[in-house]
Every structure is written in C-alpha cells, then in structure tokens.
Amino acid sequence: WPFLLVAATPAPHAPFTPAPQYSHVYDGRQSPRTPNWNHHGDDKHWLIKAQSPMNDRGINSSDEIFQHRWESLMSVDDLVEGIIETLEEEHVIDNTYIIFSSDHGFQLGQFCIGFDKRQPYEHDIRIPLMIRGPRVPRNVTLHQIALNIDIAPTIIALSGQEPPTTMDGRSLTDLLFANSSSSGGESGFDLEKAA
C-alpha cells in the first residue's frame, strides 16, 4: 500500500522555543565563527554594506538564537526517530524512501547580520538533502547541484511515474541510482527572491 507522509515542522523557525526537556542543553555554545562572521562585507550588495559590526549585545543575541535553534531541533530528532521506528515496526522501512531537507539555510552573524535567511550566499542557500531507500547507495555524498524544486519530480519518479514535462525541477533518480562519479546534475542555477 503506497503512502506519502510529509512532516514539516516549524522548528527551528522563530520564536526558536525548545521543548522544556531540551531547554539549556546548548547553553554557552557560540554560533559558528565562519571567516565572514561579524565581517563587514564592503564588497557585497547595499544591504550587506549597510551593516555595522555586531556589538556584544548583538553577538550574545546571535549566540542565544543558535543555542535555541539547536535545542528546538532535538525535538525534530525525536520526531524523525519516531517515524523510523514506526516504519520498522510496520516492516516497511526497507521499501520506503525517506527524504530529509530544509527550505533554506540560515546566517548567524555572517556579514554582521545577527540572524537572517534571505541573502544570496552559501550560508543561506546551501541546505541538506538526504535520501535513503531501496537501491540508494549508502554513505555516498554527491556534489552535483540539486534544488528544492527537484524533490517533487523525484518523488513522482520513485513512485514509477513520469514527472510532467511542465513541472519545475527534475528527478534526481538518475543521480541516486547512477555511479557516484556520474557527472549528471546542474552546473548552476538562478537565484531569485520575490519581493
């Protein structure tokens, strides 16, 4: 019996509230201090150029958001674990594809912005995309570009159907089932933000 389950949690979106049992687990942790962390991007677009370096208050706030986001993700871990356990109990795990992804990246102090998600840089646009299931090789990392719009055509193809040619995106099944050295995939894409 085929089924599709979409679990889309609000975590770790604002207000970044962790479950009580996970509150304070990451106290004292700092947001990643990447090379562009609290760095003035004077060679970037106007919004980035307009930022001043974060003061202690801004840094502390950014670190707290980082801590609370990680704490709220622990509940997402619980949810995913429960789904996996149910699939195992129902004896359908070996015939089920699981796709894990996100809608956007996030910045915490990069280019002096305490937190945001709307910039055209790696920390905002790079997201995880993990797929497991029948015939999908384990522990393989592919470096081809894939986009969120590729998920729906991939699901259609995995169900044995042909994605409509009018559908945005493309099925990733050729990459999933090909040799990991396959050169398929996109080499670039246009990044746009609707106003």
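Start by selecting Phe 16, which sits in the segment before helix H1. This is a predicted model, and the backbone at Phe 16 is worth displaying: phi is near 60°, a positive value in a residue other than glycine. Is Phe 16 buried or exposed? Phe 16 is buried, because its relative accessible area is 10% and the cut-off for burial is under 20%.

**The core around Phe 16**

Keep Phe 16 selected and add Ile 65, Phe 66, Phe 106 and Leu 108; together these five residues form the largest nonpolar core. In soluble globular proteins, nonpolar side chains tend to be buried together. Next, centre the view on Ile 65 and show its contacts. Setting aside residues up to four places away in sequence, Ile 65 touches Phe 16, Phe 106, Leu 108 and Phe 115. Of these partners, Phe 16, Phe 106 and Leu 108 are also listed in the core.

**Back along the segment before H1**

Move from Phe 16 to Pro 15, which is found in the segment before H1. Show the peptide bond that leads into Pro 15 from Ala 14: this bond is cis, with omega near 20°. Then go to Pro 12, also placed in the segment before H1. What is the geometry of the peptide bond from Ala 11 to Pro 12? That bond is cis, and its omega is near 5°.

Now select Asn 38, another residue of the segment before H1. Phi of Asn 38 is near 55°, which is a positive value in a residue other than glycine. Asn 38 counts as buried because its relative accessibility is 18%, below the 20% cut-off.

**The whole chain**

Zoom out and switch to a cartoon. The protein has five helices and two strands. Read from the N terminus, the order of elements is α-α-β-α-β-α-α. The C-alpha trace spans about 55 × 40 × 30 Å along its principal axes.

Colour by accessibility. How many of the residues count as buried? The figure is 30% of the 195 residues. With a surface shown, the protein exposes about 13,200 Å², and carbon and sulfur atoms supply 53% of that area.

A contact map gives another view of the chain. Taking contacts between residues at least 6 apart in sequence, 65% join residues at least 24 apart. For charges, select the 14 positive and 26 negative ones; their mean positions lie 6 Å apart.

Colour by pLDDT next. The mean over the protein is 90, with 91% of the residues at 70 or more. Which helix has the highest confidence? Helix H2, residues 56-89, has the highest mean at 97, whereas helix H3, residues 122-125, has the lowest at 88.

**H1, the loop after it, and H2**

Select helix H1, residues 46-49, and step past it to Ala 50, in the loop between H1 and H2. Ala 50 counts as exposed because its relative accessibility is 54%, and the cut-off for that class is over 50%. Draw a distance from Ala 50 to Phe 3: the two residues are 47 apart in sequence, and their C-alpha atoms are 49 Å apart in space.

Follow the chain into helix H2 and select Asp 77 there. At 52% relative accessibility, Asp 77 counts as exposed. Draw a second distance, from Asp 77 to Glu 64. These residues are 13 apart along the chain, with 20 Å between their C-alpha atoms.

**The loop between H4 and H5**

The last stop is Ser 171, in the loop between helix H4 (151-158) and helix H5 (173-177). Which residues are in contact with Ser 171, leaving aside its neighbours within four places in sequence? They are Pro 153, Thr 154, Ala 157 and Pro 163. Pick Thr 154 from that set and draw the C-alpha to C-alpha distance to Ser 171: it is 4.0 Å, for two residues 17 apart in sequence.

Methods. Residues numbered from 1 in each chain as written. Predicted model: local features only at pLDDT ≥ 70, side-chain atom pairs only at ≥ 80, totals over all residues. Heavy atoms only, no water. Helix = DSSP H or I, 4+ residues; strand = E, 2+ residues; numbered from the N terminus. Buried < 20%, exposed > 50% of the residue type's maximum accessible area, 1.4 Å probe, protein only. Contact = heavy atoms within 4.5 Å. Areas by Shrake-Rupley, 256 points an atom, 1.4 Å probe, with all protein chains shown as cover. Lys, Arg positive; Asp, Glu negative; His and termini not counted. Charge placed at Lys NZ, Arg CZ, Asp CG, Glu CD. Core = buried A, V, L, I, M, F, W, Y, C linked by side-chain atoms within 4.5 Å. pLDDT = per-residue confidence, 0-100.
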